[in-house]
Amino acid sequence: MDTSQIFVTLGGVALISFNLWFFFGKKATIKPVAAKGALYACPMHPWITSDDPTADCSICGMKLVSSDEVGK
Ligand SMILES: [Zn+2]
């Protein structure tokens, strides 16, 4: 085996490893963000949303709550 074959083999392994890391790493980082739901919504008007926890509903003025607490 000459050195070019070794480099091709190592390159292939590195590429597969990178793809696996990219796929699973990306999935792992997106999931907690979606599960935590850094989005706040009005209990009366769930379509009024904001990522600011101190924001008020623009329709009724109620304090927005975590979207986890708003009925789905
Ligand atoms: Zn409202």
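These are my notes from a walk through this structure, which is a predicted model.

**Confidence first.** I started with the pLDDT. The mean for the chain is 79, and 75% of the residues reach 70 or more. The weak spot I noted is residues 30-35, where the pLDDT is below 50. Beyond near neighbours in sequence, that stretch has 1 contact in the model. Where pLDDT is low, predicted coordinates should not be read in detail, so I left the stretch alone.

**Overall layout.** Next I asked in what order the elements run from the N terminus. I found α-β-β-β, that is, 1 helix and 3 strands. Then I looked up how many of the 72 residues count as buried, and the share is 6%. For contacts between residues at least 6 apart in sequence, I noted that 28% join residues at least 24 apart.

**The helical span.** UniProt, in an unreviewed entry, lists residues 6-24 as "transmembrane region". I checked that span in the model: it is 100% helix and 0% strand. Its end C-alpha atoms lie 27 Å apart.

**The annotated domain.** The UniProt record also has "domain: Heavy metal binding" at residues 40-65, again from an unreviewed entry. Here I read 0% helix and 19% strand. The end C-alpha atoms of this span lie 5 Å apart.

**The sheet.** I then traced the strands. The 3 of them form an open sheet in the order β2-β1-β3, with antiparallel pairing. Which strands stand at the edges? They are β2 (49-50) and β3 (65-66); each has a single partner strand, so one side of each is left without a neighbour in the sheet. As a reminder to myself, strands of a sheet pair through backbone hydrogen bonds. I counted 2 bridges between β1 (residues 40-41) and β3. Within that pairing, A41 of β1 has V65 as its bridge partner in β3.

**A closer look at H45.** I picked one residue from the loop between β1 and β2, namely H45. Is H45 buried, partly exposed or exposed? I found 15 C-beta neighbours inside 10 Å; a residue needs 20 or more to be buried and 12 or fewer to be exposed, so H45 counts as partly exposed. Leaving out residues up to four places away in sequence, H45 touches C57, I59 and C60. I also looked up its separation from L64: 19 residues in sequence, and 9.5 Å in space from C-alpha to C-alpha.

How values were computed: Residues numbered from 1 in each chain as written. Predicted model: local features only at pLDDT ≥ 70, side-chain atom pairs only at ≥ 80, totals over all residues. Helix = DSSP H or I, 4+ residues; strand = E, 2+ residues; numbered from the N terminus. Contact = placed C-beta atoms within 7 Å. UniProt positions renumbered as here; feature names shortened; annotations may be inferred. Pairing = 2+ DSSP bridges. pLDDT = per-residue confidence, 0-100.
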